[in-house]
Amino acid sequence: MIEKHIVLDDIDPVVFYGVNNGHLQMIRSLYPKLRIVGRDNVIRVLGDEEQMAAFEESVEKLHAHVLKFNALKEEDILDIVKGKRTKEDLPDGVVVYSMSGRPIKARSENQQKLIEAYEKNDMVFAVGPAGTGKTYLSIALAVKALKEKQAKKIILSRPAVEAGEKLGFLPGDMKEKIDPYLQPLYDALEDMLPQVKLQDMMEKHIIQIAPLAFMRGRTLSDAVVILDEAQNTTPAQIRMFLTRMGWNTKMIITGDMTQIDLPHSQKSGLIEALHILNNVEGIGVVNLDRNDIVRHKLVTRIVNAYEQFDKEAKS
């Protein structure tokens, strides 16, 4: 008789154990010679040495399955324990899976170009209107890199530019004033990582979300770094940000040229950067358009209507 403790790192134990410990009960029935107890993220196992080895191997595969898919079904448990072929053996073009088990992958030609540009280049500019998935897909690529240990941390940033409200007049301390600007980044991360794990990663600074001004003076190494809403940077700001790049780092810069909130007298740093860096080796540029919009169908109609309005205003 031997006893072992197995730690379930980087996954939500609730997903692994199942509702009312349903998955754990099924696993117990498949290993009748073992006494299995799950508490928090630790599984305590006591019993037959030979069956213990098979159990450890199965738990490792089940853990990898949950880490990849953020979901676990009874049929998955049976297939993995009995050594049958599972869907994780099949190439499917999925970047990561959401917390609901939904596959996150390219849903348009230009979104696929963004994924390919990220794989080929250390720096990628993704430019397009609202709803084209540029920020969400970029964060998915960063989460994948973190899960596969290609990067040690994720750094997400946005310029805190007022869009109708003055920052100084908003209630609360500086964090409370800044957080609304960063909320879309939090939302995307919460859709891809367990809440408890996300909180732990943020406390350990494995995932960092900060306004652009906080990037000054830093060298960002071993990371995937995303600058969102880059159209609202000044030329000096984006130049400062781009030169923060360190070793083993990938940068994704996203922006929407139709939503510049800078004063009319101020030039967008994104426009200038695209002009200066257009032919630099190692930098990819992906232009998304209204055909890539993956939000509600009304978003496409709204974008089209505003594009028509802008054309008429210029004529």
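**Exercise 1. State how many bridges join β1 to β3 and place the two strands in their sheet.**

Solution. Six bridges join β1 to β3 (residues 42-47), and the two strands run antiparallel. Strands here are DSSP runs of E with at least two residues, helices are runs of H or I with at least four, and both are numbered from the N terminus. Two strands count as paired if DSSP finds at least two bridges between them. One position in this ladder is Lys4, which stands opposite Val45 in β3.

Next, the sheet: three strands form an open sheet in the order β1-β3-β2, with antiparallel pairing. β1 (2-7) and β2 (34-39) are the edge strands, each pairing on one side only. Neighbouring strands are turned by 15° against each other on average, direction ignored. Last, helix α3 (residues 49-69) packs on this sheet and touches β1, β2 and β3; its direction makes about 5° with that of β1. Contact means heavy atoms within 4.5 Å; axes are lines fitted to C-alpha atoms, for helices over the stretch in contact, and angles run from 0 to 180 degrees between N-to-C directions.

**Exercise 2. Decide how far the model can be read.**

Solution. This is a predicted model, in which local features need pLDDT of at least 70 and side-chain atom pairs count only at pLDDT 80 or more, while totals for chains, interfaces and linings use all residues. Residues are numbered from 1 along each chain as its sequence is written, and side-chain values use heavy atoms, with hydrogens and water left out. pLDDT is the predictor's confidence in each residue, from 0 to 100. The chain mean is 85, and 91% of residues reach 70 or more. Over residues 162-167, pLDDT stays under 50, and the model has nine contacts for them beyond four places in sequence. Where pLDDT is low, the predicted coordinates should not be read in detail.

**Exercise 3. Give the strand order of the six-stranded sheet and the helices that pack on it.**

Solution. The order in this open sheet is β8-β7-β9-β10-β6-β11, with parallel pairing. Its edge strands, β8 (207-211) and β11 (283-287), each pair on one side only. Neighbouring strands are turned by 15° on average, direction ignored. Five bridges join β7 (residues 153-158) to β8 in parallel; Ile154 has Ile207 in β8 as its bridge partner. Helix α5 (residues 109-120) packs on the sheet, touching β6 (123-127), β9 (223-227), β10 and β11, and its direction makes about 175° with that of β11. Helix α10 (residues 269-276) lies across β6, β10 and β11, at about 125° to β6.

**Exercise 4. Sort the lining of the largest pocket by residue class.**

Solution. The lining divides into eight nonpolar residues (Ala, Val, Leu, Ile, Met, Phe, Trp, Tyr, Cys and Pro), 10 charged (Asp, Glu, Lys and Arg) and nine polar (the others, Gly among them).
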